[in-house]
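Reader: I have a model open and want to learn how to read its features. Where do we start?

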Number of protein chains: 2
Amino acid sequence: MSDLLARLRERGWRMTSQRRVVAEVLDGDHVHLTADEVHARAAQRLPEISRATVYNTLGELVSLGEVMEVSTDGRARRYDPNAHHPHQHLVCSGCGTIRDVHPTGSPLADLPAEERFGFTLSGVEVTYRGLCPACA
Amino acid sequence: MSDLLARLRERGWRMTSQRRVVAEVLDGDHVHLTADEVHARAAQRLPEISRATVYNTLGELVSLGEVMEVSTDGRARRYDPNAHHPHQHLVCSGCGTIRDVHPTGSPLADLPAEERFGFTLSGVEVTYRGLCPACA
DNA sequence: TTCTTGACTTGGATCCTGTCCATCGTAGGA
DNA sequence: TCCTACGATGGACAGGATCCAAGTCAAGAA
Ligand SMILES: [Mn+2]
Ligand SMILES: [Mn+2]
Ligand SMILES: [Zn+2]
Ligand SMILES: [Zn+2]
């Protein structure tokens, strides 16, 4: 995470206490928090932080490629700091638990040329659905 | 589509002008409309139809398995009448165009046992991203 | 160290998507 | 034709996200 802060500073990011706290909340792997969850955790350290700032900061981290946006349900988007290690997600239909998974092969390669309709492919998102051991 | 109406009647669906119009709007392939888009088109034929009825009807068609719910962005869910032919989606990051695509192989098989964490898998959704010829 | 300024933050308004509910209307069987 | 249970209505409500004008402050300049 200090890595992240250093990288951001290098990119000319103006460092504020709000941005620092948001970045700290997003530390670690297997983190898939909604904006409101990020806000709640950030507010424990910095009670005055506003939801607007959390949304702004998350949006910037996403466009910088430091955080991935994940929408596994039709509900709130989730923010995933594990953006430098490509992966997909396995979601429990019962409790909503999300796990990072790594399918074999390149999912992109599964789309034959005649099914690409002239598109320039840039990525692919795979969401596996199922029941976790606790919910099954 | 007359197929769909016949199938629904067979299942004991009470036929109303509202339900008929919604079903007609969802006719065809490569249809991926939001609830509000369905409502707008339905209202051209039946101006008094309410949003609540459109949502109710779409929800029923989904639970009957006649329509697929698709959420390719974190925004509005889309409703896809092509529910009897399993497929995935290719989305243009520029204009939002959605195409049905058919990857080779079974996407489920790409998740090795040691990456399943004891889950009972029930399905998988794949969204390919890229730029369509017009946007590239 | 102090000054300056443009970038950042804030809270509240606003929008969009979707759900809920009490009431009214009607499809379709008796 | 009549009944009534099921469906439709519209307006309230809630959650997620964006927008905005006004206030604040990080960090480079002097
Ligand atoms: Mn992840
Ligand atoms: Mn489709
Ligand atoms: Zn579970
Ligand atoms: Zn396009």
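Author: With metal donors. A donor is an N, O or S atom within 2.8 Å of the metal. Bear in mind that this model is predicted.

Reader: How are the donor residues of the manganese ion (ligand 1) spaced in sequence?

Author: The pattern is H-x47-D-x6-H-x1-H-x10-D. The donors are A:His32 (NE2), A:Asp80 (OD), A:His87 (NE2), A:His89 (NE2) and A:Asp100 (OD). They lie 1.9 to 2.2 Å from the ion. A:His32 and A:Asp80 link distant parts of the chain, 48 residues apart. A:His32 is in the loop between α2 (17-25) and β1 (33-34) of chain A, and A:Asp80 is in strand β3 (residues 78-80).

Reader: Is A:His32 buried or exposed?

Author: Buried means under 20% relative accessible area. A:His32 has 8%, so it counts as buried. A:Asp80 is at 0%, so it is buried as well.

Reader: Which residues coordinate the manganese ion (ligand 2)?

Author: B:His32 (NE2), B:Asp80 (OD), B:His87 (NE2), B:His89 (NE2) and B:Asp100 (OD), at 1.9 to 2.2 Å. B:His32 sits in the loop between α2 (17-25) and β1 (33-34) of chain B, while B:His89 is in strand β4 (residues 88-92). These two are 57 residues apart. Both B:His32 and B:His89 are buried. The spacing along the chain reads H-x47-D-x6-H-x1-H-x10-D.

Reader: Now the DNA. Which residues come nearest to DNA strand C?

Author: A:Arg14, A:Thr16, A:Thr53, B:Arg14 and B:Arg77, out of 18 residues around the strand. Next, ask which part of the DNA is approached. Sugar and phosphate make up 67% of the strand C atoms that come within 4 Å of the protein.

Reader: What do the side chains contact?

Author: Take three cases. A:Arg14 places a polar side-chain atom 2.4 Å from a base nitrogen of DNA strand C. A:Thr16 has a side-chain N or O atom 2.5 Å from a phosphate oxygen of the strand. For A:Thr53, the corresponding distance to a phosphate oxygen is 2.7 Å.

Reader: Which helices supply the surface near DNA strand C?

Author: α2 and α4 (51-63) of chain A and α4 (51-63) of chain B each give at least two residues. By class, the surface has six nonpolar, five polar and seven charged residues.

Reader: Last, the rings. How many aromatic pairs are there over all chains?

Author: Zero. Look for charges over rings too. The charged end of A:Arg19 sits over the ring of A:Trp13, 4.3 Å from its centre. Across chains, B:Arg99 has its charged end over the ring of A:Phe117, 3.9 Å from the ring centre.

Terms used
Residues numbered from 1 in each chain as written. Chains lettered and ligands numbered in written order. Predicted model: local features only at pLDDT ≥ 70, side-chain atom pairs only at ≥ 80, totals over all residues. Heavy atoms only, no water. Phe/Tyr/Trp six-rings, centres within 6.5 Å; stacked < 30°, edge-to-face > 60°. Lys NZ or Arg CZ within 6 Å of the ring centre and 35° of its normal. Donors = N, O, S within 2.8 Å, 3.2 Å for Na, K, Ca; no water. Helix = DSSP H or I, 4+ residues; strand = E, 2+ residues; numbered from the N terminus. Buried < 20%, exposed > 50% of the residue type's maximum accessible area, 1.4 Å probe, protein only. Near = heavy atom within 4 Å. Polar contact = N/O pair within 3.5 Å; in protein donor to acceptor, adjacent residues only side chain to side chain. Nonpolar A, V, L, I, M, F, W, Y, C, P; charged D, E, K, R; others polar.
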